[in-house]
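This note offers several points for a first reading of the structure shown below. Please keep the 3D view open while working through them.

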Amino acid sequence: MAEHTEEVKAAESLMDKIADKIHGHDSPVSPAVESLHEKAEKAVSSGHAASLKAKAYSLFGREKPVHNVFGGGKAADVFLWRDKKGSASVLIAITIIWVFFELLGYHLLTLLAHCLILVLAMLFLWSNASTFINKSPPRIPQVKIPEKPVLQIASAITIEINRAFVILREIASGKDLKQFLSVIAGLWVLSILGKWYNFLTLVYIVVVLLFTLPVFYEKYDDQVDAFAEKAMIEIKKQYAVFDAKVLSKVPKGQMKDKKT
């Protein structure tokens, strides 16, 4: 925004200087002056357009591109289908897992046990058969989980859980009625979805939405932002009516500080 403002001011000052030169002389205007005048007008108009675009409504208050919102790395490329092979591989793998557990009725422990039985049996037979067929036995790699990434993940999860506890404590304290009603409504919708779908299906639906909605929004962000702006205006109007008719009539307790 600051850069656009400086460009607009510079262009306007250039236009003023050109206008002074034109009005101060009776001679006809040269083509060079006319071209400078046109460039200055274009700079002013583009600066105003950029400033107006920056002030436009953005969904969830987004100020960065969608790719940067997802971290700007390989994960963002996968979710936004920049890496089509990686995106397709992840989505197909998750779909296969969902089919195994949901449609075929497999359980996690049963699937893990069957996979381990298959892998161990193949490696065992290969190791013993290699002596008879004069081939080298399979090289089984040593698998070791590094300690540092596990501690970093555990620390990040702990921070988020503690933050959630703080938010729940603030909601339960009764300080913000609007936030309380929003959380209750969200939990109520979640409970309804839990009756229709099990946890695995809900996770699969969320994953599919992560692979479809962001790329759709990145492609049609202007249309989505315009529709979201109208929806938010209507929601605020309905909430104002609900606040005036219902919430304003709810008695609120006053917290009194005890003097020691």
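How many aromatic pairs does the structure hold?

1. The model is a predicted one, and it holds five aromatic pairs. One of them joins Phe79 and Phe211, with ring centres 5.2 Å apart and planes at 50°, so this pair is tilted. A tilted pair is one whose planes are neither under 30 degrees apart nor over 60.

2. The pair of Phe79 and Phe211 connects distant parts of the chain. Phe79 belongs to helix H4 (residues 74-79) and Phe211 to helix H9 (residues 199-219), and the two are 132 residues apart. Ring pairs also bring in Trp81, giving a cluster of Phe79, Trp81 and Phe211.

3. The two partners may be compared by their accessibility. Phe211 is buried, as its relative accessible area is 3%, whereas Phe79 is partly exposed, at 22%. The cut-off for buried is under 20%.

4. A further pair consists of Phe216 and Tyr220, whose ring centres lie 5.1 Å apart with planes at 45°, so this pair is tilted. Phe216 is partly exposed, with 45% relative accessibility, and Tyr220 is partly exposed, with 33%.

5. The surface deserves a separate look. A nonpolar patch there is formed by Phe180, Leu181, Ile184, Leu187, Leu190, Phe242 and Val246, which together have about 590 Å² of accessible area. Helix H8 (residues 177-196) contributes the most to this patch, with five residues. Phe180 lies in helix H8 and is partly exposed, at a relative accessible area of 34%.

Methods: Residues are numbered from 1 along each chain as its sequence is written. This is a predicted model: local features need pLDDT of at least 70, side-chain atom pairs count only at pLDDT 80 or more; totals for chains, interfaces and linings use all residues. Side-chain values use heavy atoms; hydrogens and water are left out. Patches are made of residues with over 30% relative accessible area and no salt bridge: like charges are joined within 9 Å, nonpolar side chains (Val, Leu, Ile, Met, Phe, Trp, Tyr) within 5 Å. Accessible areas come from the Shrake-Rupley method with a 1.4 Å probe; for residues, only the protein chains shown count as cover. A salt bridge is a side-chain nitrogen of Lys or Arg within 4 Å of a carboxyl oxygen of Asp or Glu. Helices (H or I, at least four residues) and strands (E, at least two) are DSSP runs, numbered from the N terminus. Buried means under 20% relative accessible area, exposed over 50%, partly exposed in between (1.4 Å probe, protein chains only). Rings of Phe, Tyr and Trp (its six-membered ring) pair if their centres lie within 6.5 Å; planes under 30 degrees apart count as stacked, over 60 as edge-to-face and the rest as tilted.
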